[in-house]
4 protein chains.
Amino acid sequence: MHFDYSNKVNELLERVRSFMNEHVYPNEAVYEEQLSAQSSRFDSVPSVMEELKQKAKDQGLWNLFLPDSTYGAGLTNLEYAPLCEEMGRSLIGPEVFNCNAPDTGNMEVLARYGSEEQQARWLRPLLDGEIRSCFSMTEPDVASSDATNIEARIERDGDEYVINGRKWWSSGAGDPRCKVAIFMGKTDPEAPRHKQQSMILVPLDAQGVKIKRMLPVFGYDHAPHGHAEIDFDNVRVPAQNMILGEGRGFEIAQGRLGPGRIHHCMRLIGAAERALDDLCKRVQERVAFHKPLADQGVVREWIATSRIEIEQARLLTLKAAYMMDTVGNKEAKAEIAMIKVVAPQMALNVIDRAIQAHGGAGVSDDFTLAAQWANSRTLRLADGPDEVHRRQIAKLELAKHQ
Amino acid sequence: MHFDYSNKVNELLERVRSFMNEHVYPNEAVYEEQLSAQSSRFDSVPSVMEELKQKAKDQGLWNLFLPDSTYGAGLTNLEYAPLCEEMGRSLIGPEVFNCNAPDTGNMEVLARYGSEEQQARWLRPLLDGEIRSCFSMTEPDVASSDATNIEARIERDGDEYVINGRKWWSSGAGDPRCKVAIFMGKTDPEAPRHKQQSMILVPLDAQGVKIKRMLPVFGYDHAPHGHAEIDFDNVRVPAQNMILGEGRGFEIAQGRLGPGRIHHCMRLIGAAERALDDLCKRVQERVAFHKPLADQGVVREWIATSRIEIEQARLLTLKAAYMMDTVGNKEAKAEIAMIKVVAPQMALNVIDRAIQAHGGAGVSDDFTLAAQWANSRTLRLADGPDEVHRRQIAKLELAKHQ
Amino acid sequence: MHFDYSNKVNELLERVRSFMNEHVYPNEAVYEEQLSAQSSRFDSVPSVMEELKQKAKDQGLWNLFLPDSTYGAGLTNLEYAPLCEEMGRSLIGPEVFNCNAPDTGNMEVLARYGSEEQQARWLRPLLDGEIRSCFSMTEPDVASSDATNIEARIERDGDEYVINGRKWWSSGAGDPRCKVAIFMGKTDPEAPRHKQQSMILVPLDAQGVKIKRMLPVFGYDHAPHGHAEIDFDNVRVPAQNMILGEGRGFEIAQGRLGPGRIHHCMRLIGAAERALDDLCKRVQERVAFHKPLADQGVVREWIATSRIEIEQARLLTLKAAYMMDTVGNKEAKAEIAMIKVVAPQMALNVIDRAIQAHGGAGVSDDFTLAAQWANSRTLRLADGPDEVHRRQIAKLELAKHQ
Amino acid sequence: MHFDYSNKVNELLERVRSFMNEHVYPNEAVYEEQLSAQSSRFDSVPSVMEELKQKAKDQGLWNLFLPDSTYGAGLTNLEYAPLCEEMGRSLIGPEVFNCNAPDTGNMEVLARYGSEEQQARWLRPLLDGEIRSCFSMTEPDVASSDATNIEARIERDGDEYVINGRKWWSSGAGDPRCKVAIFMGKTDPEAPRHKQQSMILVPLDAQGVKIKRMLPVFGYDHAPHGHAEIDFDNVRVPAQNMILGEGRGFEIAQGRLGPGRIHHCMRLIGAAERALDDLCKRVQERVAFHKPLADQGVVREWIATSRIEIEQARLLTLKAAYMMDTVGNKEAKAEIAMIKVVAPQMALNVIDRAIQAHGGAGVSDDFTLAAQWANSRTLRLADGPDEVHRRQIAKLELAKHQ
């Protein structure tokens with residue numbers, strides 16, 4: 001057992017950190033201004049983003065998330081963890097490094113399970129940061145916490161599949177660069193429960209794809225990315241858009257969600273670290289009742305508790321990453337489920353304390369706290385609500401005693 | 001000791017409840033649509049609001065908050081509590097009945113401490129719902145949790161006062177109908193600590209009043225109401241705009257905040273009740289893992305815990321109201337402080353559980369949950385952060401043992 | 001709605017309080033010393049207890065728990081609440097006033113449902129404090145949280161019933177004065193689920209009654225009272241010992257448990273109040289890091305949070321009592337379930353903070369904190385675990401929305 | 001970074017685990033029976049203990065805690081962690097392997113700072129398990145959370161030191177084998193704050209040493225070990241009993257407490273693991289409301305949350321151990337403080353859930369849950385209360401931002 005990062009990781013980390021300090025944090029406000037200056041917030045992408053992406057690409061800080069060394073940086077999950085954490089400190093950070101959800105998960109699916117043709121058509125431009133993608137799984141009409149509830153249909157018709165269904169929380173579909181959805185639906189409702197679903201690639205400009213609205217998150221529109229509700233009405237795509245084969249949807253979902261979940265957790269740790277930084281700075285600047293807030297015992301308890309929660313969440317994240325690297329995503333399912341429960345709640349706790357320490361500034365957009373809070377809150381739901389993960393953990397635990 | 005509402009209250013409650021069902025809930029979406037259709041969200045007020053106000057006024061459901069029977073309904077705080085709770089179930093509810101913050105607090109100040117002239121000029125149109133008002137106390141540059149930190153200046157110059165300072169969280173100042181601010185600042189920085197501050201009426205169209213920006217709350221702009229940051233730059237107002245006299249600011253603040261705080265608590269209870277209603281309905285509609293969510297033990301614990309928290313918060317609110325009515329706001333300070341700590345956290349807990357039960361719908365605007373959550377979160381800060389109230393409670397408790 | 005105690009209650013409360021101060025607290029140590037001086041802690045009862053009982057009886061502070069004015073003080077539950085709270089501040093308090101569990105519940109059963117003969121034989125001496133009783137319901141071999149699990153048998157044989165089964169947590173059975181058990185068991189295993197059980201009176205000196213052992217509670221033996229595991233092996237009692245009739249066990253249990261549960265809650269509030277008193281005193285006496293513990297912000301938060309939790313629990317207790325008095329135990333079932341969940345956890349929280357403030361003294365027997373904590377902990381299990389009560393609350397809540 | 005135990009550790013772990021299964025668990029009841037059969041519980045030590053110690057010594061499972069390879073097993077803290085955890089599953093476990101507090105801390109002090117003579121006289125027989133020792137630091141009359149409060153005196157008088165003071169929580173002093181105390185007191189009250197205190201060896205049979213009483217912990221006497229209150233009344237010891245030199249008491253305390261604290265944490269993890277085992281077994285055996293408790297969603301949440309808390313606490317413990325091994329106890333002070341806060345609360349949470357799942361059995365001595373709970377509770381106080389550790393963590397955190 002050994003608790004230090006390797007030299008390779010420390011060197012990369014230093015470079016990512018410098019990039020964040022030099023290029024990302026100073027441009028958060030610029031990004032927001034450019035966005036607000038647009039006629040519609042979903043029309044186009046603030047130009048600063050493409051400039052930042054180019055800079056990151058130039059420095060080789062690009063696609064670090066992808067363990068596959070053909071396409072990506074070839075880092076293990078464990079190696080990527082501290083880098084991803086660093087990027088997650090800023091809400092615009094991950095995209096700068098082409099490491100943002102849901103594209104990372106989609107790229108991983110295409111790199112692992114995509115045909116050569118699919119890779120050429122979609123993976124390549126995604127890796128190059130030229131297009132974006134979305135993931136259309138969740139449906140408004142059923143409890144998606146139970147994935148077997150999904151009702152959308154994918155039906156074979158000659159050389160094509162015909163796709164029907166309503167999806168929502170297709171995050172990223174608001175972006176004008178978003179060109180493709182990975183769509184999950186039933187190819188065979190009569191098949192065994194976990195063989196009914198398939199995943200297929202749907203170009204967003206296909207006939208019958210209609211973005212109905214963009215869903216806000218605690219008042220945030222998350223433009224231009226956005227969270228779309230989309231109607232798929234008799235959408236026809238070539239049969240070769242099917243990924244891996246009919247009935248393999250669950251299998252892909254499991255493969256996709258492991259890394260996706262842990263990336264979220266890494267980013268949440270970064271968000272929490274930044275919130276704690278903000279908190280520590282603020283309370284040393286502000287005076288109430290004749291002393292700095294930092295000298296209030298209650299504030300010190302917030303700080304200590306936050307540090308403790310972050311440390312524990314980080315260790316669990318790293319261990320889960322280590323296990324994914326060594327015994328595989330499937331064997332690491334307990335650890336992945338655990339960290340998926342822990343990290344969002346930890347981030348919410350830490351950020352909430354930072355908000356409280358900032359007073360009114362904390363709930364506004366003068367700091368990134370409120371926005372990060374809202375984002376973290378969705379992650380108690382996205383990729384499975386806490387309760388489903390806890391069920392899974394308990395099941396594995398009980399099985400040890402049967 | 002007696003735990004039933006009086007017949008008078010039950011009758012009024014029934015009428016408010018019917019009004020909410022018939023007129024308010026069905027128009028929440030209409031209000032939002034009208035607002036979104038405006039060229040700017042702060043330009044004007046959705047017309048449906050004025051229509052609803054007229055209806056409420058016609059039915060005599062108007063100014064119920066004001067214990068003073070000359071101007072208001074003459075209800076005690078205890079009698080008003082369940083009515084206010086009912087209004088608080090909708091974010092647009094309180095305004096419909098002319099019972100929304102910060103106007104209620106401002107009207108209370110004017111009714112109690114205003115000169116006849118001040119009452120004629122500002123109180124009358126506020127009572128009639130013709131104008132709105134804001135309260136300019138908190139400042140961006142100091143920790144306002146300690147009110148003695150306030151730095152704005154109010155200086156006498158002949159028949160006028162000259163006002164300088166920057167204020168923020170002047171809620172309601174975004175509304176085009178908002179005509180006046182109650183402004184708090186120092187008239188005599190050399191006076192004893194609690195005699196330095198005064199409150200004065202400042203027309204929002206006075207020269208030197210400049211609204212710099214509207215502050216968002218977790219992504220919500222709360223338009224057209226809004227939360228303004230305002231520069232007061234050598235603003236001159238007639239000397240008779242001073243309320244009660246120089247150095248009386250703290251005294252007024254204490255009087256103002258008691259009712260204001262408890263009204264917030266009553267509304268939070270209503271918000272929590274509605275969230276619990278939403279939760280109970282949702283979990284009976286949705287199925288996961290072969291049974292309705294309502295049959296999951298964890299969901300049942302959420303429901304039970306929510307019911308328990310609401311009941312306890314309501315009882316404490318009612319007792320605080322009772323004490324304000326019987327022994328006065330000052331003697332009730334421990335109870336007011338307690339409920340101010342309890343109610344926002346209780347509402348956050350209950351609403352958060354409801355959000356979790358709703359999945360993605362919960363964080364969006366398909367329900368009022370996310371918006372109510374954000375609103376409740378601000379109330380752990382507004383009118384004093386939790387920590388300041390707990391300090392106060394502890395001080396009173398320790399004093400019993402000295 | 002009205003939140004003051006009546007004059008009658010205030011007068012009684014003053015008398016109980018004086019009695020506690022003068023006679024009970026000063027004798028807690030005496031009681032413990034006499035107990036420790038005995039050759040066995042279960043041999044006899046410290047003589048100071050009988051002296052105190054006589055004093056309380058002389059002052060008319062006796063059987064205050066019993067609403068029935070023929071036998072008891074004729075106080076309502078609401079009137080009794082603050083008196084019971086006061087008694088609960090001391091672990092030896094309730095017995096002094098003949099108001100201790102499980103005798104109160106047993107007396108209530110006999111007063112309500114007992115035959116004249118049963119009342120003459122058992123109720124009279126219980127009311128006079130001459131004998132003690134126990135309640136034999138819970139069984140070691142099944143999950144007693146589900147009362148239908150109870151397996152003991154009560155079989156008619158001529159003019160007698162034959163009783164078989166193993167019971168535990170028969171509290172009070174260690175006391176040499178304990179003469180009778182109310183025993184619950186199945187008379188008809190084929191009857192509908194809630195008609196299978198009956199309650200019957202079993203003299204503890206009947207042949208076949210064998211106390212196997214006394215169960216400790218976190219290291220406390222609770223001598224001489226004690227918690228017994230008892231074998232009932234072909235115990236024969238006259239048929240007239242049956243209470244109310246065969247198959248009425250559940251009905252009686254429901255009637256018995258309502259008041260029993262709320263009495264526990266009242267006592268827990270008293271225990272919490274005393275713990276908070278202890279805490280407030282201690283932190284003003286002890287100095288660390290150059291100031292009294294009372295000046296540490298964290299300690300002040302403990303105090304404030306404790307005061308808030310106590311106030312809320314008390315209000316809910318009083319409301320539950322009020323409802324039992326006005327609409328009956330059955331209609332008050334949600335409130336009884338709620339307070340049964342709230343009060344033990346509240347007491348545990350408050351006492352635990354007091355322990356922490358006392359350091360090592362807190363976990364020892366220098367204060368009553370550790371003993372009260374252990375007692376409170378059992379009340380998250382006794383008379384139904386928290387989880388069962390929350391199930392009940394949720395069920396009632398969901399029913400409102402069906 | 002690497003998360004697997006070394007082969008060496010896994011091999012040792014397997015041996016300790018086998019020993020626990022074969023020899024320790026089956027003898028817990030035997031130990032308790034022998035203890036209860038004694039005329040006094042503090043008279044002698046159950047013979048089974050010495051038998052078990054001999055077995056462990058024979059198998060080389062002895063003094064594993066001591067990193068010093070001259071005297072002990074020469075394991076690093078990180079290597080020792082999983083072994084210590086395993087021993088901590090049983091309350092009688094650590095002594096069997098000569099790894100119990102406070103002897104381990106005392107042996108560490110003597111191994112590091114003791115003179116040759118001190119080591120020959122006291123360390124040798126301690127390492128051999130022939131005698132026991134206690135640590136006399138805490139005082140009943142001051143808040144010992146602030147160690148500078150300690151008032152006991154150690155005064156030089158010729159070739160001797162004269163010792164005066166009252167100490168309590170001298171754990172282990174009840175044991176008839178306990179022969180020596182490490183005593184902390186002031187040699188120079190005029191010296192700088194952290195140079196006033198010294199540590200000195202005091203034979204328990206020295207004239208003037210008087211054990212006043214044994215302190216219970218939540219009703220447990222922890223015999224024969226016990227927690228003593230001791231008067232030191234003009235006790236004279238040879239000058240060479242001084243450890244390291246006058247004024248070095250704080251320095252030794254810091255060195256002593258690091259390992260001591262983390263050993264407690266390791267043991268607490270073992271206690272929590274055993275509680276979770278107990279919980280998982282129990283809920284699969286018991287049925288309520290027509291299904292095993294294990295099928296209740298709430299119970300599954302307990303299990304999942306327990307597993308998560310244990311994993312996180314273990315990782316933090318291991319990291320703290322790793323840092324102690326690599327950068328030293330002083331540099332690891334934040335991690336040591338963190339784990340000292342985390343582990344006791346984690347254990348209390350897990351054990352409390354297990355108690356709740358066991359019903360009445362949980363608070364009794366049918367399982368080790370209640371006893372382990374009480375033990376864990378003291379560890380939120382012993383070696384510094386949580387609050388002091390959090391102060392320390394916050395101070396270190398704030399310093400990063402100054």
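**Exercise 1. Chains A and C**

Task: In this predicted model, which turn and which shift along the axis lay chain A on chain C?

Solution:
- Start with the operation: a turn of 180° and a shift of 0.0 Å along the axis.
- Check the fit: chain A lies on chain C with an RMSD of 0.0 Å.
- Name the symmetry: this is the relation of a two-fold axis.
- Then look at the surface. 100% of the contact residues of chain A recur in chain C, and the same surface serves both copies.
- Count the contact: four residues come from chain A and four residues from chain C.
- Sort the side of chain A that touches chain C by class: one residue is nonpolar, two are polar and one is charged.

**Exercise 2. Chains B and C**

Task: How many residues of chain B are in contact with chain C, and which helix of chain B gives the most to that side?

Solution:
- Begin with superposition: a turn of 180° and a shift of 0.0 Å along the axis lay chain B on chain C, with an RMSD of 0.0 Å.
- Compare the surfaces: 100% of the contact residues of chain B recur in chain C, and the same surface serves both copies.
- Count: 36 residues of chain B contact 36 residues of chain C.
- List the helices: α7 (249–285), α8 (297–326), α9 (333–358) and α12 (386–399) of chain B each supply at least two residues of the side touching chain C.
- Rank them: α8(B) gives the most, with 14 residues.
- Classify the side of chain B that touches chain C: 19 residues are nonpolar, six are polar and 11 are charged.

**Exercise 3. The domains of chain A**

Task: What are the domains of chain A, and how many residues do domain 1 and domain 3 bring to their contact?

Solution:
- Divide the chain: domain 1 of chain A covers 7–114, domain 2 covers 132–243 and domain 3 covers 250–399.
- Take the centres over C-alpha atoms: those of domain 1 and domain 3 of chain A are separated by 20 Å.
- Count: domain 1 of chain A brings 20 residues to the contact, and domain 3 of chain A brings 26 residues.
- Find the helices: on the domain 1 side, α3 (77–87) and α5 of chain A each supply at least two residues.
- Rank them: α3(A) gives the most to this side, with seven residues.
- Classify: the side of domain 1 of chain A that touches domain 3 has 10 nonpolar, five polar and five charged residues.

**Exercise 4. Helix α6 of chain A**

Task: Which residues of α6(A) are buried, and which are exposed on the other side?

Solution:
- Place the helix: α6 of chain A holds residues 116–127.
- Test its span: a straight helix of 12 residues would span 16 Å, but α6 of chain A spans only 15 Å between its end C-alpha atoms.
- Pick the buried residues: W122(A), L123(A), L126(A) and L127(A).
- Locate them: they cover an arc of only 130° around the axis, so they sit on the same side of α6(A).
- Recall the rule: an α-helix has 3.6 residues a turn, so residues three or four places apart point the same way.
- Turn to the other side of α6(A): E117(A) and A120(A) are exposed there.
- Find the cover: α5 (103–113), β1 (132–136), β4 (178–186) and β5 (197–203) of chain A are among the elements covering the buried residues of α6(A).
- Finish after the helix: G129(A) follows α6(A) and has a positive phi, near 70°.

Technical notes: Residues numbered from 1 in each chain as written. Chains lettered and ligands numbered in written order. Predicted model: local features only at pLDDT ≥ 70, side-chain atom pairs only at ≥ 80, totals over all residues. Least-squares fit on C-alpha atoms with pLDDT ≥ 70 in both. Contact = placed C-beta atoms within 7 Å. Helix = DSSP H or I, 4+ residues; strand = E, 2+ residues; numbered from the N terminus. Nonpolar A, V, L, I, M, F, W, Y, C, P; charged D, E, K, R; others polar. Expected span 1.5 Å × (residues − 1). Buried ≥ 20, exposed ≤ 12 C-beta atoms within 10 Å, placed from the backbone. Arc of directions from axis to C-beta. Domains from an automatic or database assignment.
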